Amino acid sequence: MTAFRLEQISEAPIEITIFEASERTGGKIITPSFQSASVRYEAGAAEFYDYSHFGEDPLKQLIQELGLPICSMGGSACILNDQVIANLDDVAMQFG
């Protein structure tokens with residue numbers, strides 16, 4: 001995103017080199033599977049959530065500028081420590 005923004009504001013063509021911190025490309029986003037179910041999920045992807053109701057959301061703005069689709073996501077539960085957390089009773093059981 002930074003490289004894209006720098007290219008936009010530059011008055012002359014520029015050369016940008018992007019370095020990865022690890023051998024795996026993709027930054028902090030990974031796609032593991034749950035141990036208890038053969039379901040893959042995106043981890044480290046908090047930026048995928050819509051924060052625009054809190055104020056400026058630069059990632060969402062960039063996605064819209066690039067003409068990429070945005071899909072609403074939702075769900076009634078999550079998995080934490082291989083346990084389904086779907087209601088306050090589940091939260092109490094998991095955290096006491």
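**Helix packing and exposed sites in the predicted model**

Within the chain, strand β1 (residues 78–80) has the lowest confidence, with a mean of 79, and helix α1 (residues 2–9) has the highest, at 88. The structure is a predicted model. The average pLDDT of the chain is 80, and 91% of the residues score at least 70. Where pLDDT is low, the predicted coordinates should not be read in detail.

Helix α1 packs with helix α2 (residues 58–65) at an angle of about 65 degrees, and the two axes are 12 Å apart. The crossing of α1 past α2 is left-handed. On the α1 side, the contact involves Phe-4, Arg-5 and Gln-8; on the α2 side, Pro-58, Leu-62 and Glu-65. Sorted by class, the residues of this contact are three nonpolar, one polar and two charged.

Gln-8, which belongs to helix α1, takes part in polar contacts with residues of both helices. Its side chain is joined to that of Arg-5 by a polar contact of 2.7 Å. A polar contact of 3.3 Å links the side chain of Gln-8 with the side chain of Glu-65; Arg-5 is in α1 and Glu-65 in α2. Gln-8 is classed as partly exposed because its relative accessibility is 42%, a value that falls between the cut-offs of 20% for buried and 50% for exposed. Between the C-alpha atoms of Gln-8 and Leu-66 the separation is 13 Å, with these positions 58 residues apart along the chain counted as their sequence distance.

The loop between α2 and β1 contains Gly-74. The relative accessibility of Gly-74 is 76%, so this glycine counts as exposed. Gly-74 and Asn-87 are 13 residues apart along the chain, and their C-alpha atoms are separated by 15 Å.

Asn-87 also marks the start of the description of helix α3 (residues 88–95), whose N-terminal end it caps. In this cap, a side-chain oxygen of Asn-87 lies 3.0 Å from the backbone nitrogen of Asp-89. Helix α3 is hardly covered, and none of its eight residues is buried. Met-93 is one of the residues in α3. With a relative accessibility of 71%, Met-93 counts as exposed, because the value is over the cut-off of 50%. The C-alpha atoms of Met-93 and Ser-36 are 18 Å apart in space, and the two residues are 57 apart in sequence. After α3 comes Gly-96, which has a positive phi, near 85 degrees.

Key:
Residues numbered from 1 in each chain as written. Heavy atoms only, no water. Buried < 20%, exposed > 50% of the residue type's maximum accessible area, 1.4 Å probe, protein only. Helix = DSSP H or I, 4+ residues; strand = E, 2+ residues; numbered from the N terminus. Polar contact = N/O pair within 3.5 Å; in protein donor to acceptor, adjacent residues only side chain to side chain. pLDDT = per-residue confidence, 0-100. Axes fitted to C-alpha atoms, helices over the stretch in contact; angles between N-to-C directions. Left-handed = near helix turned anticlockwise from the far one by under 90°. Contact = heavy atoms within 4.5 Å. Nonpolar A, V, L, I, M, F, W, Y, C, P; charged D, E, K, R; others polar.
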